[in-house]
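I opened my notebook to look up a few things in this structure. My entries follow in the order I made them.

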Amino acid sequence: MKNLLELMGVEPDRIHFSWISSAESTKFVQVVNEIAEKVKALGPNRHFVKQEAKVA
Amino acid sequence: MTDWEPKIVSFLCNWCSYGAADLAGVSRMQYPANIRVVRIPCTGRMSPKFALAALREGADAVWVSG
Amino acid sequence: MDLIQHPRYIDETKCIACGACEEKCPKKVIDPYNIGLAKRKSIYVEYAQAVPLKYAIDPESCIMLKKGKCGACQKLCPVDAIDFDQKETSVKLEVGAVILAPGFKPFDPKRFDNYQYAKLPNVVTSMEFERLLSASGPTQGHISRKSKDHGDPKKIAWLQCVGSRDMNRCDNPYCSSVCCMYALKEAVIAKEHAGDDLECAIFFMDMRTHGKDFERYYDAAREKHGIRFERTKVHTINPAANDNLEMRYIKESGESISEIFDMVVLSVGLEANPAVTDLAKKINIDLTDNQFCNTNSFSPVATSRPGIFVCGAFQGPKDIPQSVVDSSAAAAAAGEILSTARNSLTKVEEKIPEKNISGERPRVGVFVCKCGINIAGVVDVPAVAEYATTLPYVEYAADNLYSCSQDTQKTMAELVKEKNLNRVVVAACTPKTHEPLFQETLTSAGLNKYLFEMANIRNHDSWVHKNNPDLATEKAKDLVRAAVSKAVLAEPLKESELTVNQTALVIGGGISGMAAAQSLALQGYKTHIVERDDQLGGQARNILQTAKGENVSENLQAMTAGIESNSNITIHLNTTIDDVQGFVGNFKSKINENGSEKSLEHGVAIIATGGHALVPEEYLYGQDPRIMTSLELDRKMINNDPDVAKAQTAVFIQCVGSREPNRPYCSRVCCTHTVDSALELKKRKPEMSVFVLYRDIRTYGERELLYREAREAGVIFIRFGLENKPQVNLEKKQLCITLTDHILNRPVRIETDLLTLASSILPARDEKLAVFFKVPVNEDGFYIERHAKLGPSEFATDGVFLCGLAHYPKPIDESIAQGKAAASRAITLLARETIFTSGQVAETNPAMCSQCGVCVSLCPYSAPDFIPGDARMNAGKAQINPVLCKGCGLCVASCRSGAIHLKGFDNDQIFAQIFAINMVN
């Protein structure tokens with residue numbers, strides 16, 4: 001999946017996978033923090049967004 | 001762009017990560033307000049099409065968690 | 001019976017567990033749930049998963065209840081649930097049966113001065129360690145020391161049998177059954193958390209991993225995780241520098257060792273709770289010498305007093321799967337005596353006719369919940385509700401103070417009717433706890449309950465973004481928009497109704513199958529037993545006596561007579577199963593009885609196909625009549641064989657075929673059986689020399705007392721390892737065994753007249769049956785149950801159950817308990833007569849199906865199958881049985897033709913959510 005996205009010009013850090021059990025709230029928060037940080041570093045997604053004229 | 005906040009479309013399994021997210025709430029843990037949860041019955045329901053659709057529609061990232 | 005209900009000082013009907021009271025409660029106390037490792041408030045919920053999720057006030061610490069001042073919670077509670085005037089109430093109940101499940105008390109090691117648990121902070125109990133490992137525990141799963149440095153331990157030791165198998169320092173001679181396995185688990189998880197630089201060592205006497213898949217876990221702990229095992233009893237723990245601990249012990253080789261650890265975990269045993277002992281005396285039921293409930297192997301969940309049953313660790317130390325088996329068995333035992341009362345107190349719910357909304361334009365009602373201040377304190381709720389009115393198809397939107405309160409529910413139902421709404425969205429807490437409640441509201445308003453969607457703006461929003469109200473409000477709007485867009489596409493779903501054939505089929509007429517059939521029949525259900533052999537009884541026919549000394553053949557005869565005389569039971573001997581069609585509620589099985597074909601219709605099936613003893617291929621088995629298996633010795637003892645009476649010496653070899661690389665499981669029963677046989681030989685002839693050659697003695701629970709008794713009677717136990725197994729030779733007709741004694745470390749030679757091989761138990765391995773019922777089999781040939789801990793007596797495939805040796809080797813008492821348990825689980829289906837399944841199931845579109853079969857092979861519940869080739873419509877295409885479907889969506893995602901749709905979570909609904917989330921405001 002990551003490879004496919006890279007091929008399409010989307011940064012691999014825009015997709016994340018994880019496994020968290022329903023008791024692992026700490027891990028949940030940790031993963032959210034990590035992902036949010038990585039995505040903030042990348043900046044807005046521009047590469048694959050459909051480019052249609054949007055009515056303002 | 002200083003106040004830009006990314007939108008992360010998050011596909012969470014009803015039985016696992018969705019429960020963890022609920023529990024994080026019960027425990028009043030704090031985390032960034034960037035995720036938007038789509039509840040799915042099981043990660044088996046997840047299809048690559050959903051991830052692509054989210055990115056195409058302008059999501060800044062996709063997160064799939066079982 | 002008279003019950004005393006203690007006050008919780010909270011009105012349960014009002015409390016919504018918002019937590020406002022806990023936040024402001026000024027009194028902090030030690031949290032007993034976290035074994036004192038953390039603090040909680042005086043007003044509390046015991047743990048996050050507590051049911052019901054309602055607060056309680058601890059009267060021992062509450063300032064208001066103690067001193068009459070404070071009352072902060074009362075002022076704060078938004079629903080006025082605090083009631084300091086609650087009093088103890090007594091409740092009188094008239095019941096036909098009582099089930100005791102009071103559990104155990106962990107052993108308190110404070111009284112052991114040699115381990116200095118009370119003094120040394122880094123000596124902890126296994127219960128404390130469990131909380132340290134827990135993701136929701138006081139350290140969020142991070143292992144830290146209790147000493148002031150709170151450092152990460154680098155070297156942890158586990159000491160086994162603390163408060164178990166010990167008559168010197170405490171009076172607990174029994175084995176606690178579960179500690180070896182939990183110590184292994186704790187060590188493995190600790191290493192998984194802390195990484196490779198954590199050293200773990202377990203100090204033990206015998207490693208008792210006798211449960212299903214436990215031996216494999218032990219092997220992996222040793223070989224894959226690098227956990228060290230020391231077979232020794234540690235005598236003292238002394239303080240060392242930096243709050244470390246010095247342990248002194250003698251290695252197996254005799255070498256005296258002093259080693260430093262920075263944390264020691266005491267694997268404490270299970271003991272009876274004194275309060276329960278008092279209760280037992282009060283209600284007059286018999287206890288064992290160790291204060292566990294006394295039961296008979298043939299009625300393993302019945303106490304000495306008729307109508308009172310027992311399950312769980314009060315009956316004896318046991319692990320989760322066995323406790324779950326016992327609890328189902330106790331329910332069955334109660335059901336047997338109460339079957340005439342079944343459904344006599346049932347109330348029928350009033351049915352409200354469902355409105356037909358087909359063809360209607362969606363008219364969505366959105367209710368945004370404030371949850372007191374829980375949501376409204378962060379999220380601008382009126383703004384969200386206001387925003388919702390601007391969304392397409394939204395007819396009505398408003399906010400509620402508490403959406404879940406009874407009067408709000410009523411108002412909502414009225415609004416649905418008044419505004420003619422046909423979809424409802426509630427933005428509030430989590431659907432995991434509240435969806436059913438709101439769905440009920442829809443039903444009461446005449447709407448299909450699947451025309452509903454929730455937006456989680458509390459657990460996923462207001463609670464976790466407290467410091468960011470603007471972003472939280474934005475997020476709430478996004479979530480509401482997504483929920484509305486999904487709800488618009490919701491369709492009314494039908495729950496399929498299925499009539500359950502009220503007949504049961506039990507496959508296997510061994511002791512567990514017999515127990516299952518008997519329980520079903522006593523609860524009023526027609527039952528067929530299919531037995532391959534020409535008589536009932538199975539392996540039990542070869543067994544002399546149980547570990548408790550009960551004569552097996554006498555009890556078996558009584559059981560057989562009971563089954564033969566029960567008019568609800570039909571016995572099919574010399575019968576095999578040729579084919580099975582259908583699914584839960586409606587099976588059709590073809591049987592071959594004495595050569596003639598018959599067809600049976602049944603609603604449920606219980607697989608009790610049992611197992612048999614391995615025919616040994618080592619230790620010269622088959623080459624001399626003096627060498628026999630354990631069951632063959634039993635047969636000789638039942639027949640009072642003169643060879644046994646004549647023998648001067650008898651030797652037993654354990655683990656013959658078990659715990660070997662090609663069969664890495666423990667057969668569970670052989671140690672106890674051997675010890676019992678050895679004792680019987682000694683009883684019959686006290687001067688006989690009896691040797692038991694073993695690898696670990698696994699006489700778990702109170703069976704340990706037999707092991708003690710055998711040693712006291714002079715039975716000699718010699719241990720060997722897998723790498724130096726005993727050698728058996730025939731020297732001029734003399735049977736000789738040589739091995740190295742583990743204490744003397746010298747070769748020992750025993751000449752013997754009898755050699756008994758404790759051969760392993762093999763499952764019946766009937767692949768055809770597994771295919772017929774679509775149930776899985778593990779590598780060893782035992783059937784795989786729905787859940788190793790919580791569903792031991794049923795399959796993931798609905799309507800099919802299992803018990804006895806087909807599940808895993810087990811003694812008679814556990815086989816009978818599981819037989820009853822399987823019956824109990826089966827009756828949860830039979831008693832309903834009709835089953836309604838969830839509407840959120842997958843459905844195929846035959847026009848799109850390419851017949852690839854991926855869904856058929858992938859589904860864990862065997863719901864998809866192919867329409868028969870000779871069918872008139874859609875022959876060869878896949879179809880999904882809505883009764884078996886659990887709505888996981890695995891098949892939907894795997895279908896390469898896009899032919900499968902998951903109702904309630906269909907592609908267009910998920911896409912709609914994705915689009916809605918990303919819509920720019």
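**Entry 1: two domains of chain C**

How many residues of domain 4 of chain C are in contact with domain 6 of chain C? I found seven residues of domain 4 of chain C, and they meet seven residues of domain 6 of chain C. On the domain 4 side I read four nonpolar residues, one polar residue and two charged residues. The C-alpha centres of these two domains of chain C lie 32 Å apart. I note here that the model is predicted.

I then wrote down how chain C is divided. The domain assignment lists domain 1 (2-94), domain 2 (105-271) and domain 3 (364-488). It continues with domain 4 (499-612 + 763-835), domain 5 (615-760) and domain 6 (837-918). Domain 4 is thus given as two stretches of chain C.

**Entry 2: an open sheet in chain C**

In which order do the five strands of the open sheet of chain C run? I read S26-S25-S24-S30-S41, with parallel pairing. The edges are strand S26 (569-572) and strand S41 (800-802) of chain C, and each of them pairs on one side only. Neighbouring strands of this sheet are turned by 20° against each other on average, with direction ignored.

I looked at one pair inside the sheet. Strand S24 (residues 503-507) and strand S30 (residues 604-607) of chain C are joined in parallel by four bridges. Ile507(C) has Ile607(C) of S30(C) opposite.

Next I checked what lies across the sheet. H21(C) lies across S24, S30 and S41 of chain C. The helix runs at about 170° to S30(C).

**Entry 3: the nonpolar core**

Which residues have the most contacts inside the largest nonpolar core? My list is Val366(C), Val425(C), Ala427(C), Val480(C), Ile606(C), Ile607(C) and Ala826(C). This core has 292 residues. Helix H21 (residues 812-830) of chain C gives the most to the core, ten residues.

I followed up Ile606(C). Leaving out residues up to four places away in sequence, Ile606(C) touches Ala504(C), Val506(C), Ile507(C) and Ala516(C). Ile606(C) also touches Phe801(C), Leu802(C), Cys803(C), Ala822(C) and Ala826(C).

**Entry 4: a hairpin in chain C**

I turned to strand S14 (residues 245-250) and strand S15 (residues 256-261) of chain C, which pair antiparallel over six bridges. Leu245(C) faces Phe261(C) of S15(C). Five residues sit between the strands of this hairpin, and Gly254(C) takes a positive phi near 100°.

**Entry 5: chain A and chain B**

I started with chain A by itself. I read two helices and one strand, in the pattern α-β-α along the sequence. Of the 56 residues in chain A, 34% are buried.

How many residues does each chain bring to the contact? I noted 30 residues from chain B and 27 residues from chain A. Helix H1 (17-26), helix H2 (48-56) and strand S3 (61-65) of chain B each supply at least two residues of the chain B side. H1(B) has the largest share there, with six residues. By class, I read 21 nonpolar, seven polar and two charged residues on the chain B side.

The two chains also share strand pairing. Strand S1 (residues 15-18) of chain A runs parallel to S3(B), and four bridges join them. I picked out one of the partners: Ser18(A) is bridged to Ser65(B) in S3(B).

Note on methods:
Residues are numbered from 1 along each chain as its sequence is written. Chains are lettered from A and ligands numbered from 1 in the order in which they are written. This is a predicted model: local features need pLDDT of at least 70, side-chain atom pairs count only at pLDDT 80 or more; totals for chains, interfaces and linings use all residues. Ala, Val, Leu, Ile, Met, Phe, Trp, Tyr, Cys and Pro count as nonpolar, Asp, Glu, Lys and Arg as charged, and the others, Gly among them, as polar. Two strands pair if DSSP finds at least two bridges between them. A residue is buried if 20 or more other C-beta atoms lie within 10 Å of its own, exposed if 12 or fewer, and partly exposed in between; C-beta atoms are placed from the backbone. A nonpolar core is a set of buried Ala, Val, Leu, Ile, Met, Phe, Trp, Tyr and Cys residues joined through C-beta atoms within 7 Å. Axes are lines fitted to C-alpha atoms, for helices over the stretch in contact, and angles run from 0 to 180 degrees between N-to-C directions. Domain bounds come from an automatic or database domain assignment.
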